[in-house]
2 protein chains.
Amino acid sequence: MILTVTPNPAVDLTYRVAALEPGETHRVAAPAVRAGGKGLNVARVVAQTGGAAFVLTTAGGPSGLRLADDLEASGLPSELIPVAAPTRSSVAIVDETAGTATILNETGAGLSPAEWTALREAAERLAVPATAVVGSGSLPPGAPETFYAELVALARRRGIPSVIDASGLPLLAAAEAGADALKPNRRELAETVGSDDPVAGARILLTAGAGLVLVSLGADGMLAVTGDGVWSARLPAPLAGNATGAGDAAVAAIATALAAGVADPAALVRRATAWSAAAVVAPLAGELDPAYEGYEARLVTTS
Amino acid sequence: MILTVTPNPAVDLTYRVAALEPGETHRVAAPAVRAGGKGLNVARVVAQTGGAAFVLTTAGGPSGLRLADDLEASGLPSELIPVAAPTRSSVAIVDETAGTATILNETGAGLSPAEWTALREAAERLAVPATAVVGSGSLPPGAPETFYAELVALARRRGIPSVIDASGLPLLAAAEAGADALKPNRRELAETVGSDDPVAGARILLTAGAGLVLVSLGADGMLAVTGDGVWSARLPAPLAGNATGAGDAAVAAIATALAAGVADPAALVRRATAWSAAAVVAPLAGELDPAYEGYEARLVTTS
């Protein structure tokens, strides 16, 4: 199974209003509640595409109970490390007239040293039956910047691939630890390495130690960069839809491919781009258009 | 003690952003969490002004736990009827540049017949030591429109005064049941009786059976209307501040005065207006400016 590790999950709350009017009071129905966080979306996509996924994350406070409830309802196997701080929320307000979403993304609260230890020990134990390890999303405030690098080292000890979706120092440390694949988007990569050129930026991470860097370019598709070259894939025209979760679908694609022994960068970038596009078309983050298998044939690719 | 009954409480969540930008993503700190609902604010004001208050309300789901936690921290004595539906939330997004609050007010979920029975039985039991009964705020969807009228009847059986802050059919039914005091604002009164004239509207409620109608007019102060006349009070100039909870402060003033045997409408409208103004100046709903006792001397009154 693919083990996803999410140290900073969120409860995603989605409110719908006819029109968002700043400064005014809006009567609203109860929000849609969904266990969120990038690793949870990765696990949902792995499960939808017929793979086995396991969610390792944290839960605290009353919002942690909501996370646990929704995760249980999803049927995804999971282990939640109990933490003292309440699980953060992410509030989305969908304006049904404008078709836009206004988002309040809580930073989250830090974990205690004992809670980090419990998360590490659970990752060690759950890596034993795993076929790949995924570390996704922001780290909570005060986190060790090497947390994802530790996951990479754990995967290497077990002889299984690792995929990290992060930015900044945690991404750089994961590269130095020898991550098999990194998936920053263009902006995260530029912030991490200080270069606006995605190929040059990816090569900095490869030099640091990463095996493959997949850079998501939004409507322009994706680049896969290795020591051997650069491969790209995109759809012939941009898709309308919900880009939240598109990167998580790409991570799910890479992790399942690497776990199955697929190493060809051209195949990896195609699958990642296809699943990512299928995620844009699906209404919720962590879901693909059920016709996702048809997207690969439509791609424009270069190598 | 003053018994406040709140069938549709809320967890008030307040986020702060530098500037609210519709359609954009905002990184935010965890929200301030406060047990809300009009009756809870009334009880807080009663307690702040040296009176004894008791909160009877409901709590359900993870959000109900947050409500219970904050209520316990407040030190207010309370009884929470456990209900299946999660307690609703009210989300406020404070724009620190514009100085405005954008509010999402959840409608709330209905109670089962057994939950209504439990709430009624608790009210019967808690009315025994009470010196007044207050029913405040919206009723949850599907509620019996006579719920506040039943509270009025209960207070009459116990020989103690009742104060109801509601609108629409629940307000009209409370008048017909002989409520000692009703406190709609101008808009709620107009919606209930179909007249834009607050004195004429108040007289419809008096004819229906109410003893006194206190109409809050925002910056124009308040009117008290009885079968004997009309009394008004206002500050010489409007106050800047947070009007949320100003009406609850007025209800607290009326309930404590009636419980103490004060029946003079001129005294009642003065105290209600003074406390209401002191609530506008205080930062949080359910609190008064600590100098609230000085506000009465500044009022402009008519009779």
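The following exercises, each with a worked solution, go through a predicted model of two chains, A and B.

Local features are given where pLDDT is at least 70, side-chain atom pairs count only at pLDDT 80 or more, and totals for chains, interfaces and linings use all residues. Residues are numbered from 1 along each chain as its sequence is written, chains are lettered from A in the order in which they are written, and side-chain values use heavy atoms, with hydrogens and water left out.

**Exercise 1. Work out which relation links chain B to chain A.**

Step 1: superpose the copies by least squares on the C-alpha atoms of residues with pLDDT of at least 70 in both; chain B then falls on chain A after a rotation of 180 degrees with 0.0 Å of shift along the axis, at an RMSD of 0.0 Å.
Step 2: name this relation, which is that of a two-fold axis.
Step 3: look along chain B for the C-alpha nearest the axis, which belongs to B:Pro62 and lies 2.4 Å from it.
Step 4: compare the interfaces; 100% of the interface residues of chain B are also interface residues in chain A, so the copies meet through the same surface.

**Exercise 2. Describe helix H2 of chain A, its span and its packing.**

Step 1: helices (H or I, at least four residues) and strands (E, at least two) are DSSP runs, numbered from the N terminus, and H2(A) covers residues 61-74.
Step 2: the expected span is 1.5 Å times one less than the number of residues, so the 14 residues of H2(A) should span 20 Å, which agrees with the 20 Å between its end C-alpha atoms.
Step 3: list the buried residues (under 20% relative accessible area, with exposed over 50% and partly exposed in between, for a 1.4 Å probe and protein chains only); in H2(A) they are A:Pro62, A:Ser63, A:Gly64, A:Leu67, A:Asp70 and A:Leu71.
Step 4: find their partners by contact, meaning heavy atoms within 4.5 Å; these buried residues pack against S2, S4, H1, S5 and S6 of chain A together with helix H2 of chain B.
Step 5: close with the residue that follows H2(A), A:Gly75, whose phi is positive, near 80 degrees.

**Exercise 3. Give the strand order and the edges of the five-stranded open sheet.**

Step 1: two strands pair if DSSP finds at least two bridges between them, and the order is S4(A)-S2(A)-S7(A)-S8(A)-S3(B), with mixed pairing.
Step 2: the edge strands, each pairing on one side only, are S4 (32-36) of chain A and S3 (25-28) of chain B.
Step 3: take one pair within the sheet; S7 (residues 88-95) and S8 (residues 100-106) of chain A run antiparallel and are joined by six bridges, and A:Ser90 stands opposite A:Asn105 in S8(A).

**Exercise 4. Trace the surroundings of strand S5 of chain B.**

Step 1: seven of the seven residues of S5(B), residues 53-59, are buried.
Step 2: sort them by direction; B:Ala53, B:Val55, B:Thr57 and B:Ala59 point one way, whereas B:Phe54, B:Leu56 and B:Thr58 point the other way.
Step 3: identify the paired strands; S1 (residues 2-6) of chain B runs parallel to S5(B) through five bridges, with B:Ile2 opposite B:Ala53.
Step 4: five bridges also join S5(B) to S6 (residues 78-82) of chain B, again in parallel, and there B:Ile81 is the bridge partner of B:Thr58.

Technical notes: Axes fitted to C-alpha atoms, helices over the stretch in contact; angles between N-to-C directions.
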